[in-house]
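Subject: The structure for you to look at

Hi,

Here is the structure I promised to pass on. Have a look at it first, then read my notes underneath.

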Amino acid sequence: MSTMQAAVFVEPGRIEVQEKPIPEIGPTDALLRVTTTTICGTDVHILKGEYPVEPGRIVGHEPVGVIEKLGEAVTGYEPGQRVIAGAITPCGQCHACQDGVSSQCGGKAMGGWQLGNTIDGCQAEYVRIPNAQANLTPVPDELTDEQVLMCPDIMSTGFGGAENGHIRIGDTVAIFAQGPIGLCATAGAKLMGATRIIVVDGVPERLETARKLGADVGVNFREQDPVEAIMELTGGRGVDVAIEALGLQETFEACLRVLKPGGTLSSLGVYSGKLSMPLDAIAAGLGDHTIVTTLCPGGKERMRRLMEVVAAGRVDLTAMVTHRYTLDQIVEAYDLFSHQRDGVLKVAITP
């Protein structure tokens, strides 16, 4: 067999399943037979034409699979081994990687994000993993595909938002939006030591899921003004850390408005338009606020650590898989996920 099924970006508004050649690999690559993958909010930005990729690109960046073939320079792995690779596949050798910002591999903004962006991705039967030595992480036998499915992207991203916010024991944290990324940020904030976590969403089921992952208070923005509610809950002090997990001007600004002077806004959203910062919300630039952004940390050590968290039972994200499709049904899955119907959080795609 020399061809495979793959989800291909054709044009804005159109992703379809096509027959594509099985990838060839070079000496530092690995070929993975994909056993489970999923759809990310970033894939929806690609579908809508809000993030540019070239027509004909295979999309997807969250692979769980089995090693089919290894390049001759790759050691320490063997065909047939179950592995994951992060959405970010850094080389591990460039200045950015050695400087501790491997997500920006090559010194280019978002340079570590290759799968489904600058090279073919993993919503396919097979995927080429570049720099395999730095990016393949064996999956423990006791963990299922769905238990580790969130590790390559949303778990790493959500946890990264909490980590980059430098949450401390005793902190009060507000997290705006409880989609998959926001829910992972909630779980991450709890693990980091936040002792009061306030989450904001308009879907009661998501607020309930957030409570199971560590949230203390849920604010439904359809019922009350979240900024007013959070300032009341904090006695007018504001929160130590606010995490934006949606990518909208409204939620970004709300995060600024609930921050205490000297607080940190940790931004996880993918923005598709211009952002503005009202003068009063940032105290005319004199409020000692910190604004940080995060691109999903990748690499094999990051993936190992996340799977250790799962294996230790510190967090269970399997309830986030609300729908399951086969690869030949992925257009239907995109329609469901992009329109957020039927209570969808994440979909599991199996070739």
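Below I go through the two domains, how they touch, and then a few single residues.

One thing before you start: this is a predicted model.

**The two domains**

The protein splits into domain 1, made of 3–150 + 317–350, and domain 2, which covers 155–293. Notice that domain 1 is written as two stretches of sequence. If you take the centres of domain 1 and domain 2 over their C-alpha atoms, they sit 28 Å apart. Where they meet, domain 1 puts in 10 residues and domain 2 also puts in 10 residues.

**What the contact is made of**

Together, domain 1 and domain 2 bury about 860 Å², and 74% of that is on carbon and sulfur atoms. Which three residues supply the most of the area that domain 1 buries against domain 2? They are L317, M320 and L345, with 52% of it. When you open the model, you could start by finding those three: L317, M320 and L345.

The side of domain 1 that touches domain 2 breaks down by class into 5 nonpolar, 3 polar and 2 charged residues. How many salt bridges cross the interface of domain 1 and domain 2? The rule finds 0. There are polar contacts, though: 3 residue pairs between domain 1 and domain 2, both partners being at pLDDT 80 or more.

**Two residues in one loop**

Next, go to the loop between β12 (259–267) and β13 (290–293), where you'll find A284. D288 is in the loop between β12 and β13 too. What is the sign of phi in A284? It's positive, near 55°, and A284 isn't a glycine. D288 also has a positive phi near 55°, again in a residue other than glycine. I picked these out because most residues other than glycine have a negative phi.

Are they buried or exposed? A284 has a relative accessible area of 53%, so it counts as exposed, the cut-off being over 50%. D288 is exposed as well, at 65% relative accessibility.

**A residue on a helix**

Last stop: E205, which belongs to helix α7 (residues 204–212). Its relative accessible area is 56%, so E205 is exposed. Try locating Q178 from there: E205 and Q178 are 27 residues apart in sequence, and their C-alpha atoms are 9.8 Å apart in space.

Have fun exploring!

Methods. Residues are numbered from 1 along each chain as its sequence is written. This is a predicted model: local features need pLDDT of at least 70, side-chain atom pairs count only at pLDDT 80 or more; totals for chains, interfaces and linings use all residues. Side-chain values use heavy atoms; hydrogens and water are left out. Domain bounds come from an automatic or database domain assignment. Contact means heavy atoms within 4.5 Å. Buried area is the accessible area (1.4 Å probe) that two parts lose on being put together, summed over both. A salt bridge is a side-chain nitrogen of Lys or Arg within 4 Å of a carboxyl oxygen of Asp or Glu. A polar contact is a pair of N or O atoms within 3.5 Å; within protein, one must be able to donate a hydrogen and the other to accept it, and residues adjacent in sequence count only if both atoms are side-chain atoms. Ala, Val, Leu, Ile, Met, Phe, Trp, Tyr, Cys and Pro count as nonpolar, Asp, Glu, Lys and Arg as charged, and the others, Gly among them, as polar. Helices (H or I, at least four residues) and strands (E, at least two) are DSSP runs, numbered from the N terminus. Buried means under 20% relative accessible area, exposed over 50%, partly exposed in between (1.4 Å probe, protein chains only).
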